[in-house]
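Q: I have a model open on my screen and I'd like to learn how to read it. Could you walk me through some features?

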Amino acid sequence: MDREPDQGLTRIPDENDLVKLARELNRLGVSYVVIGGFAINRLGLVRATDDLDLLIARDAANQALVKKALEILPDKAVRELADDDLAHWVVVRVNDDITVDLMTEACGVTYEDARGGIEVIDVAGVGIPFAGVELMLKMKQGLREKDSADRSFLQELIKGRRAQE
C-alpha cells in the first residue's frame, strides 16, 4: 500500500487536520500513535507527506472507536469500511477530505510493541502521541527511498543524542 493519494481525490493534511483528528481520537480514548511523515517532521526532518499515518491498537473495541473518530471528516468516507477491514488488513487507507492511513502494524511493530516509544507532545493544546526516534527507526526498515533517507536521519539523530549524554 505504498501508492500516493490520487490527484484531486484528497488534499494534503496539515497540522490543523492532525490536531482536529487527535482531539477526537483522544476524546474517545483511542489507543493510537502518529507515525510516518508527521512524526519524522516533528523529529526535525522536514519532508513532504501526503497523508496522516496512525498506528492503532488492533482490538475490535479500539478499531470501532477509530472509525467513530474519523466520522468528523467531512465526507464520512470511513463509513465505507467493512466491520472487519481494520482487522483483516495491516493498512487501511481512508480517502476523505484528507487521506488517513490506519495501520495495525508497521514493519512488524504493533501498537502494543510501540507503547514504550511514544512521546506525547502538546500541539495547539492537544496532547498528541508521536512515535519517538527509536520507535520511528524500528518502523523505517522498508525498501522505499524515503524510508532509507528517514533511516539515515534517525540514525544520525540517535548518534547525536547519545554523544550529548
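Q: Let's start with A124: is A124 buried or exposed?

A: One thing to keep in mind as we go: this is a predicted model. Anything over 50% relative accessible area counts as exposed. A124 has a relative accessible area of 63%, so A124 is exposed. You'll find A124 in the loop between strand 5 (118-123) and strand 6 (126-131).

Q: What is the phi of A124?

A: Here's the general idea: most residues other than glycine have a negative phi. A124 isn't a glycine, yet its phi is positive, about 55 degrees. C107 is another case, with a positive phi near 55 degrees in a residue other than glycine.

Q: Where does C107 lie, and how accessible is C107?

A: Look at the loop between strand 4 and helix 5 (111-114) for C107. Its relative accessibility is 45%, so C107 counts as partly exposed.

Q: On to helices. Which residues of helix 3 are buried?

A: The trick is to list the buried residues, then ask where they point around the axis. Helix 3 covers residues 60-69, and its buried residues are N62, Q63, V66, K67 and A69. Their arc around the axis is only 160 degrees, so they sit on the same side of helix 3. Turn to the face pointing away from that buried side and you meet the exposed residues A60 and A61.

Q: What do the buried residues of helix 3 pack against?

A: Their packing partners are helix 1 (15-28), strand 2 (52-56), helix 4 (85-88) and strand 4 (99-103).

Q: How do I read the angle between helix 1 and helix 3?

A: Take the two axes and look at how close they come and how they cross. For helix 1 and helix 3, the axes come within 9 Å and cross at roughly 140 degrees. An angle over 145 would count as roughly antiparallel, but this one makes helix 1 oblique to helix 3. The crossing is right-handed. On the helix 1 side, the contact is made by L21, E24, L25 and L28, and on the helix 3 side by L65, V66, K68 and A69.

Q: Let me zoom in on L25. Which residues does L25 touch?

A: Skip residues up to four places away in sequence, and L25 touches V30, Y32, L54, V66 and A69. L25 lies in helix 1, and at 1% relative accessibility L25 counts as buried. Comparing chain separation with distance in space is handy too: L25 and L70 are 45 residues apart along the chain, with 8.3 Å between their C-alpha atoms.

Q: What about loops: is L73 buried or exposed?

A: A loop position doesn't settle that, so check the accessible area. For L73 the relative value is 7%, so L73 is buried. L73 lies in the loop between helix 3 and helix 4. Leaving out residues up to four places away in sequence, L73 touches D96, I98 and V100. Its C-alpha is 8.3 Å from that of L21, and the two residues are 52 apart along the chain.

Q: And T49: where does T49 lie?

A: T49 is in the loop between helix 2 (36-42) and strand 2. With a relative accessible area of 12%, T49 is buried. Its contacts, not counting residues up to four places away in sequence, are I12, G37, F38 and N41. From C-alpha to C-alpha, T49 and F38 are 7.3 Å apart, with their positions 11 residues apart in sequence.

Q: Last one: which residues of the largest nonpolar core touch the most other members?

A: To read a core, look for the members with many partners inside it. This core has 50 residues, and those touching the most other members are V34, I35, L54, L70, I128, M136 and M139. Helix 1 gives the largest share of this core, six residues. Try clicking on I35: beyond residues up to four places away in sequence, I35 touches D53, L54, L55, M103, A106, A131, M136 and M139.

Definitions and conventions: Residues numbered from 1 in each chain as written. Predicted model: local features only at pLDDT ≥ 70, side-chain atom pairs only at ≥ 80, totals over all residues. Heavy atoms only, no water. Buried < 20%, exposed > 50% of the residue type's maximum accessible area, 1.4 Å probe, protein only. Helix = DSSP H or I, 4+ residues; strand = E, 2+ residues; numbered from the N terminus. Arc of directions from axis to C-beta. Contact = heavy atoms within 4.5 Å. Core = buried A, V, L, I, M, F, W, Y, C linked by side-chain atoms within 4.5 Å. Axes fitted to C-alpha atoms, helices over the stretch in contact; angles between N-to-C directions. Parallel < 35°, antiparallel > 145°, perpendicular 65-115°, else oblique. Left-handed = near helix turned anticlockwise from the far one by under 90°.
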